[in-house]
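Please consider the model shown here, with attention to how its helices are placed and packed.

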Amino acid sequence: MLHTNLASGYNHFIYGKFADGRDSGYRLVARTTDLTDEESLKTIAETHRFWGSTPPGRNTKAIGIFSDEGNKNLVLVKVETAVDDNRQEASSGTRGFNQLHYIFIPMDLVAKQLRGRTFQLLNWMNTQRIPLFSQFEANLQSLTLLPLKEPLPTELNQEEVNKLKRCLSDTDAEDQPLLLSALAALNNGKRLLLTGEKSVDFVESILLLLPARVRNKVSVAGGTLDEQHCNWAKLLIKVNNPSQCQPVDNLIWFNCDTRKFAGEFDKNTTFKSECASLLQSILNIPDIDVIPQLFKQLDSIDDNNVTLEDPIAPKIIVRLLEDIPVILQQVWKSLSSTKKIQFLKELQDNLHLAERFLLKEKLLDQPRDEVEDNDIVRELVALCQSVVSYKSQKDSQSALDLATDLVINKIFQDDIPARITFLDTALAGELKVEDLYKFFNCQLALLVVHFDADKIHDRYLYKQLQAKNPKAADLLNILLTKRNTVLKHLQELANLTGMKESEQDKFYKTVLVTWSSSYEDARELLAALIQQSQDLGSYFNRNALVKTCEWFEGKKPELGDIFIALQQPTITWNIWDRLAKALYENQQQSAAFLDRIVGKIFPIEVLSICLPIIAEDDNQRREFCRISLAWQQLRSQRESFDQLVATRPEYANTLARCLRDSNRLDWLNSKLWHYLCVDWIKYKRVDNDLKILVTSPSITQKFTTHDWLKLQYVCWTPGIELEMPSGRADLGLSEKSDLVNQAIKIANNLYTKPAQTRRLLQDCKAWQLDLTQLKNILKSVANPAHDFDLVLDYISSDLAAIDPTQDIPLLFAQLSRLSPASLSLLLNERLQQNPALAEILLNHGLHEQKCLLENTEVKSELRTLCKSLVENKSKQNWSQAWELVKRLDRSTAFKDNSDRLDLLNAGRPNLTNQEKKSLSEYAITIVNLYTQPEQMKCLLDDCTTWGLSLTEQKEILKANLHACDRDLLLKYFDC
């Protein structure tokens, strides 16, 4: 069925009977051309009735309005007893009948043209006569509705205002207007039956309290009706039998005269609704007439999604409050949690209004614990953020001010994430760097401790700092990422943003407490603060950082007195030392702190602490020389350096290396050299790097004679493998004497090996000590430090200078320490190769030394040596050889005759052939005197020794065969 209205008017139809002589029965009587679906029209007429099959009385009349199935049209209906033009009751056949007239009106048109005032259509319909027809009319002329033809006045309808006020004056025992109770019943799905004098005003007032679009959706029936059959209407006005109403199902009867409700309902819920509460909160505002503004806003609401059950949607509330902001607090309290959330979301589309609501109208002026739903808080946060963001794009300072106002509001005082969100969002726009710093220092600094390090790059604060001060941005990132391990950067960040001391104090204390920092982590911050005061040439001001200092004193009570002392005009070294020990248990950290803070003021004291730390670590020492303030200060103060050397001589090695690393070897003076040598000798060690250093020409060229001697003593120290460099000084007599004494002392006290003494003597010889001085040293050395070879070497170096009273006993004393193998080596090689020395030793009793006679083999080798010497000597000077033979003969080595004979023979000279002939003749002559074989045997042996041949010896034997025995004869003649 087409309900669309014609351009010239509105479609309508009439349902009833034909007014003629025969009874046509109830049916469709007439319609406009477009209403072709007659069955549908019949359904509308049969379903939208005011009573059952029998009217509740004569001369019935009722009007109503409802929406069609598609909710596109409103259907205006009127029923009345049919009358003719003369106002006489008409009949169909013989009986009177009721005629119903239905008019289709576009719902949008009613909302736009009448702003939903459907009661005006009802009032107009009530005055219209229903025409009679004797036959079916399919071409009814479309209607013109006067209320829709004339535009609604723009000025306030005071009559409507007064009517509403009258209706609102009727209240229940709880002082709630009965009108609002009736409205609440409708909101809760109830149908409402009204009777009494004010019922029409009540219906109109109820409709006026609804948004324009909702008014269209409220079906109304009024007049003569039966409430049990008129079940299509939401609002019913009954004029027949008003005292005999029978509420059924969800129908509630309100008697406007008695001001009583009747029917089945729950008093605690039926008459309460969010809409009613909202309206009551608005209407109850004292000293202001809000009804005109209320009507204005309700008239302007043309939202199809608004329903009777929930007529006051958040969008509507926003529009109401836009004109009547003073009602916000009352409205807010009346809303449910769900509606509050929707209301806040709706404000996202009107941020300018939202700002006014939030602060000026004090929407946020409520303690957090009074907010019944956390979702409400979340929406409040989201709305505030949107408002701040909106402001930041227009006026950065306004955004900063707004965010500042928001964070001090009661509801957000303990909501750190929300406060961070507002303040950070305020930085979304462009602003001056000084404004950024000021805002950070005053507002955000105390909250950055709660920033999520993983999301810091998304924060406007970070982006602003990155653009205006990248170093500050990096520091902030480092602090949030590493937190307690980099607390020293707090002070640097505070300086970069220009924090005042009071702001710094709050900032540091907040970080330390929030991050639960340990003392070990936080002390770097304190160290940085103290260093800053030193760098600025001012004293550490505890009063300016009282909160921070109190935190530290809570961890280390001894810091209290130290902080007070640091504020004095003069701060002694003892105070700084106590501070360092309170800060650091680790000596290295303590020393580094002191070096940074007072290295230039107390260089000697600081270095005295640093030296033990850097002494054993080359890399640490080099770094120290590069960065230490105390060392840099001392490098320009020669006297102070010498004082340090004298104060800490045990660190001479370290100081020497520091001078080398700092290219100040010109300061390596005799005093430092003295302590170096003392240290090396004491610990019997010189590291390779120092060996290279002290033997370099650049160092030794400045040596005094005493410096050279000290170096020599170092070289003689066991365990120190150090060779004397070239270029040594010449020694005077006293210095040589000192050298001899020191050499004896070192050898006796330190040496255990002859090689050590040998090296010492070689060095002494290089110092041009004479042989006597060298021998004096050798004589003074204890046995373990020298041996026979060493003594022999120095005795044999000048045979003429051998002292028989001292040299020979010293040598023979060492001889007894030699092993048989060494004695053999001595006899067979060294003395054989040096016969002059051997002769001297034999002349002084070598052959009588017990150690040479105890071993048979050695003893034999001794005789061999002696015979060799005699033999060689006899070739040169027989008389001297004979003297030697006489000295050796019959000694322990030559007691046996055979040995003696060998010795004597060794001393005989070699004869010429003529001499041998003469000797043979002499022997032949003398043997005639012999009578014993032994005599003959000795003579023949001598002849052998002298070199006579066997033939010559036989001739001698033949000269006296009588003196020979059988063995002797067989020996020679058997040959």
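The paragraphs below treat one residue, then one helix, and then a pair of packed helices. The model is a predicted one.

Ile795 lies in helix α41, which comprises residues 788-796. The residue is buried, its relative accessible area being 2%. Beyond its neighbours within four places in sequence, Ile795 contacts Lys775, Ile802, Asp807 and Leu811. Val77 lies 718 residues from Ile795 along the chain, and the C-alpha atoms of these two residues are 157 Å apart.

Helix α49 (residues 913-927) offers a check on geometry. With 15 residues at 1.5 Å a residue, α49 should span 21 Å, and the 21 Å between its end C-alpha atoms agrees with this. Its buried residues are Lys916, Ser920, Ala923 and Val927. These cover an arc of only 65 degrees around the axis, and therefore lie on the same side of α49. An α-helix has 3.6 residues a turn, so residues three or four places apart point the same way. The face of α49 turned away from the buried side carries the exposed residues Gln914, Tyr922 and Thr925. The buried residues of α49 pack against α50 (933-946) and α51 (950-958).

From α51 the description passes to helix α52 (residues 966-973). The two helices pack at an angle of about 150 degrees, and their axes are 10 Å apart. Because angles over 145 degrees count as roughly antiparallel, α51 is roughly antiparallel to α52. The contact is formed by Leu950, Gln953, Lys954, Leu957 and Lys958 of α51 together with Leu968, Leu969, Tyr972 and Phe973 of α52. The crossing of α51 past α52 is left-handed.

Notes: Residues numbered from 1 in each chain as written. Predicted model: local features only at pLDDT ≥ 70, side-chain atom pairs only at ≥ 80, totals over all residues. Heavy atoms only, no water. Helix = DSSP H or I, 4+ residues; strand = E, 2+ residues; numbered from the N terminus. Buried < 20%, exposed > 50% of the residue type's maximum accessible area, 1.4 Å probe, protein only. Contact = heavy atoms within 4.5 Å. Expected span 1.5 Å × (residues − 1). Arc of directions from axis to C-beta. Axes fitted to C-alpha atoms, helices over the stretch in contact; angles between N-to-C directions. Parallel < 35°, antiparallel > 145°, perpendicular 65-115°, else oblique. Left-handed = near helix turned anticlockwise from the far one by under 90°.
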